[in-house]
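Here are my notes on the model you sent round. Have it open while you read.

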Amino acid sequence: ASCLAGLALLPALPFMRRRPVEGPRWPARLFLHAGLSLAVGATHTLLMWGVRSALFPLLGWGPYDYGDMRFRFPMEYLKQAAVYVLVYGLVRFVAWLRRSRESELRASDLSRQLTEARLAALKRQLEPHFLFNALNTVSAFVREDPARAEAMIGHLSAFLRETLRHADAVEVPLGRELEFLSSWLEIMKARFEDRLDVTVDVPPEALGAL
């Protein structure tokens, strides 16, 4: 009979999940939970009385005397309020576990997306087509102009070093970005020679901007 009467608590479970006693509106929600616990307690007591009153004669135990209901309601409510608080705590604990799990999944997904974005950015910077063209240009200058080939190798080395060094950076100073760009431009100038003319005009006060 007690387990059957305990079903009175089931309709309160969704309310416990959706209306936690927290946030700026916690006093109002506390008042609502107090009212709901009174309703659950009264329903539980009435179910207890009804189920036992029906079962006792059927089982041959005679009529069931639940006592004076004026006193039974407050007596039973003391236990029912404790059960309500316990169940509320379990519901909130399960909700906390679910939120923690979802947060971990979101963090894992964001980390995966960030890693993919970094790899994609690195792939764009280290475009194989660009590397092959740069190496072919170096190869062409090795015999004709060794000094120029050596300079290109230096620029290519600086370009690759800066690319790998700052692959994880989200923001870098403009001055550093221009240094990185200058290595790339020197390689492109060596490839296209007089066909490429670049002018960089940046005020000194902007070099520290991210």
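The points below go through a few residues, one place at a time.

1. Before anything else, keep in mind that this is a predicted model. The values quoted here are computed from it.

2. Let's start on the surface. F93, V94, W96 and L97 together make a nonpolar patch of about 390 Å². One of these, W96, sits in helix α4, which covers residues 69–125. Is W96 buried or exposed? Neither, strictly: its relative accessibility is 45%, so W96 counts as partly exposed. The band for that label lies between the 20% cut-off for buried and the 50% cut-off for exposed.

3. Now to helix α7, residues 174–192, where you'll find M188. M188 counts as buried because its relative accessibility is 10%, and the label applies under 20%. Which residues does M188 touch, leaving aside those up to four places away in sequence? They are F130, E193 and L196.

4. While you're at M188, have a look at M152 too. The two residues are 36 apart along the chain, and their C-alpha atoms are separated by 9.6 Å.

5. S183 also belongs on the list, as a residue of helix α7. With a relative accessible area of 9%, S183 is buried. Once residues up to four places away in sequence are set aside, S183 touches H155, A158 and F159.

6. To pull the helix α7 points together: M188 is buried at 10% relative accessibility, and S183 is buried with a relative accessible area of 9%. For M188 the contacts include F130, while for S183 they include H155.

Technical notes:
Residues numbered from 1 in each chain as written. Predicted model: local features only at pLDDT ≥ 70, side-chain atom pairs only at ≥ 80, totals over all residues. Heavy atoms only, no water. Patch = residues over 30% accessible without salt bridge, like charges linked within 9 Å, V, L, I, M, F, W, Y side chains within 5 Å. Areas by Shrake-Rupley, 256 points an atom, 1.4 Å probe, with all protein chains shown as cover. Salt bridge = Lys/Arg side-chain N within 4 Å of Asp/Glu carboxyl O. Helix = DSSP H or I, 4+ residues; strand = E, 2+ residues; numbered from the N terminus. Buried < 20%, exposed > 50% of the residue type's maximum accessible area, 1.4 Å probe, protein only. Contact = heavy atoms within 4.5 Å.
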